[in-house]
Amino acid sequence: MPKPPVKPPTTVKEIDLDVLGDTLSFYIRALSLAVSRDLDECLNGLDVAKGTGKITTLLLVDSHPGIRPSVIAHLTMKDRSAMGRIIDQMEAHHLLRRETSSEDNRAQELYITETGAALAVKIRELVPKQSREFFDFIPENEQQQLMDILRRAYRRIVGLSE
């Protein structure tokens, strides 16, 4: 005998996430999207809004003059072409400049511009504030635990620890 037709869900609360409800990867991807959208709103109008990798690139170039794009690509888990596009955009917005390495003329080094340095100062204020406000529903001690877990996972994935 055929099953009676099931009424399809009409609200989010009626949805069962199936196996996704028990997977870290689902929640990490969903949170990443939500955090990125919120951060883009917070940074609206700044040259690092929209997309991923520009904030990290800006801060790493500002903190480590002469850093190579390949190092940033590794830390941001971007491929060479994606990293190239980010650097091209940031160079077009006068946030950083490229120079040929004096040690290896095949390698590039990245340096912050005055405009980029000023933006880095703003970013260092805005990003931690956005993070605190976005996750204000999680008690601070739990945020610290989660940060420790995520930091360890990231460091292992990018080869900063064993």
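User: In this predicted model, is R97 buried, partly exposed or exposed?
Analyst: Buried residues have under 20% relative accessible area and exposed ones over 50%, with partly exposed in between. R97 has a relative accessibility of 36%, so the class that applies to R97 is partly exposed.

User: With which residue does the side chain of R97 meet in a salt bridge?
Analyst: Side chains of opposite charge can pair when their charged atoms come close. For R97 the N to O distance of the pair is 2.1 Å, and the partner is itself partly exposed, at 34% relative accessibility. The residue that meets R97 in this salt bridge is E99.

User: How many salt bridges does a search of the whole structure find?
Analyst: The pair R97 and E99 is one example, and another is D104 with R106, whose closest N and O atoms are 3.1 Å apart. A search of the whole structure gives a number of salt bridges equal to 7.

User: Of D104 and R106, which counts as exposed?
Analyst: The two residues form a salt bridge with each other, and the cut-off for exposed is over 50% relative accessible area. D104, at 22% relative accessibility, counts as partly exposed. At 72% relative accessibility, the residue that counts as exposed is R106.

User: In which helix do D148 and R152 both lie?
Analyst: The side chains of D148 and R152 meet in a salt bridge, with an N to O distance of 3.2 Å, and D148 is partly exposed at 35% relative accessibility. The two residues are 4 residues apart, about one turn of the helix, and the helix that holds both, spanning residues 140–157, is α6.

User: Which residues are joined into one network by salt bridges that share partners?
Analyst: The bridge between D148 and R152 has both its residues within helix α6. Elsewhere, salt bridges that share partners make a network, and the residues joined in this way are D88, E91 and R98.

User: Which residues have the most contacts inside the largest nonpolar core?
Analyst: In soluble globular proteins, nonpolar side chains tend to be buried together. The largest nonpolar core of this model has 23 residues, and α2 (54–63), α3 (69–76), α4 (80–92) and α5 (114–134) each supply at least two residues of this core. Those with the most contacts inside the core are L43, V48, L58, I72, L110 and I123.

User: Which residues does V48 touch, not counting residues up to four places away in sequence?
Analyst: V48 is listed with L43, L58 and I123 among the residues that have the most contacts inside the largest core. With residues up to four places away in sequence left out, V48 touches L43, K54, I55, L58, L95, L119 and I123.

User: Is T57 buried or exposed?
Analyst: T57 lies in helix α2 and, apart from residues up to four places away in sequence, touches I72, M83, I86, M90 and L96. The relative accessibility of T57 is 0%, and because the limit for buried is under 20%, T57 counts as buried.

User: Which residues are in contact with T76, leaving aside its neighbours within four places in sequence?
Analyst: T76 lies in helix α3, and at 17% relative accessibility T76 counts as buried. Leaving aside neighbours within four places in sequence, the residues in contact with T76 are T56 and M83.

User: Where is M77 placed?
Analyst: M77 has a phi near 60°, a positive value in a residue other than glycine. At 52% relative accessibility, M77 counts as exposed. The place of M77 is in the loop between α3 and α4.

User: What is the relative accessible area of H94?
Analyst: H94 is placed in the loop between α4 and β1 (96–100), and the phi of H94 is near 60°, a positive value in a residue other than glycine. H94 is exposed, and its relative accessible area is 55%.

User: What accessible area do I15, L17, V19, L20, Y27 and L31 have together?
Analyst: These residues form a nonpolar patch on the surface. Among them, Y27 is found in helix α1 (residues 24–42) and is partly exposed, with a relative accessible area of 37%. The accessible area of the patch residues together is about 510 Å².

User: Which feature does UniProt place at residues 21–155?
Analyst: Over residues 21–155 the chain is 64% helix and 7% strand, and the end C-alpha atoms are 26 Å apart. According to the unreviewed UniProt entry, the feature placed there is "domain: HTH marR-type".

Definitions and conventions:
Residues are numbered from 1 along each chain as its sequence is written. This is a predicted model: local features need pLDDT of at least 70, side-chain atom pairs count only at pLDDT 80 or more; totals for chains, interfaces and linings use all residues. Side-chain values use heavy atoms; hydrogens and water are left out. UniProt positions are given in the numbering used here, feature names are shortened, and annotations may be inferred rather than shown by experiment. Patches are made of residues with over 30% relative accessible area and no salt bridge: like charges are joined within 9 Å, nonpolar side chains (Val, Leu, Ile, Met, Phe, Trp, Tyr) within 5 Å. Accessible areas come from the Shrake-Rupley method with a 1.4 Å probe; for residues, only the protein chains shown count as cover. A salt bridge is a side-chain nitrogen of Lys or Arg within 4 Å of a carboxyl oxygen of Asp or Glu. Buried means under 20% relative accessible area, exposed over 50%, partly exposed in between (1.4 Å probe, protein chains only). A nonpolar core is a set of buried Ala, Val, Leu, Ile, Met, Phe, Trp, Tyr and Cys residues joined through side-chain atoms within 4.5 Å. Contact means heavy atoms within 4.5 Å.
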